[in-house]
Amino acid sequence: MSDAPEGPMKVLVYSDDANTREQIRLAIGRRPAADLPAVEFVEIATQPAVVARLDKGDIDVVVVDGEAQPAGGLGVARQAKDEVYDCPPILAIIARRDDGWLATWSRADAVVGLPLDPMAVAKAVADLMRWRAENRLPAL
């Protein structure tokens with residue numbers, strides 16, 4: 001029997017580009033692994049909206065677009081790691097291999113490059129969902 005939550009897990013997808021958000025959603029799918037619950041997506045296009053939503057405390061995994069404008073996903077990830085209590089694990093999507101150091105600076109928990117490989121994205125999100133299910137802190 002799995003220790004995974006019964007209900008859906010919420011995955012926040014941050015990008016200013018609706019097409020990018022759709023590609024990420026499609027790569028993850030409704031259920032990235034058989035041992036995990038379904039995914040409920042929360043799509044956000046602006047940095048202030050990400051901060052406000054993370055403050056609610058109901059997000060399980062965050063996926064950020066490193067190319068988002070005007071606030072890049074890596075900066076949003078760094079801010080979240082610095083400011084959000086029990087910050088959910090973060091997957092950073094980067095366009096260039098040379099941006100790997102920025103992903104490390106952002107403190108992202110996983111990194112996937114473009115073009116998106118659906119298998120790599122689904123595996124990374126599934127791993128982060130499992131980690132979150134086992135390590136979520138109690139609400140304040």
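**A note on Asp65 and the salt bridges**

1. A polar contact of 2.7 Å joins the Asp65 and Ser15 side chains (N or O atoms within 3.5 Å; within protein, one must be able to donate a hydrogen and the other to accept it, and residues adjacent in sequence count only if both atoms are side-chain atoms). This is a predicted model, where local features need pLDDT of at least 70 and side-chain atom pairs pLDDT 80 or more, while totals for chains, interfaces and linings use all residues. Residues are numbered from 1 along each chain as its sequence is written, and side-chain values use heavy atoms, leaving out hydrogens and water.

2. Asp65 is the residue that an unreviewed UniProt entry lists as "modified residue: 4-aspartylphosphate"; such annotations may be inferred rather than shown by experiment. Asp65 lies in strand β3 (residues 61-65), strands being DSSP runs of E, at least two residues, and helices runs of H or I, at least four, numbered from the N terminus. Asp65 is buried at 5% relative accessible area (buried is under 20%, exposed over 50%, partly exposed in between; 1.4 Å probe, protein chains only).

3. Now to the charged pairs: the whole structure has 14 salt bridges (a side-chain nitrogen of Lys or Arg within 4 Å of a carboxyl oxygen of Asp or Glu). One of them pairs Asp86 with Arg132, with closest N and O atoms 3.2 Å apart. Asp86 sits in the loop between α3 (73-83) and β4 (90-94) and Arg132 in helix α5, so parts 46 residues apart in sequence are tied together. Asp86 is buried at 15%, and Arg132 is buried at 2%.
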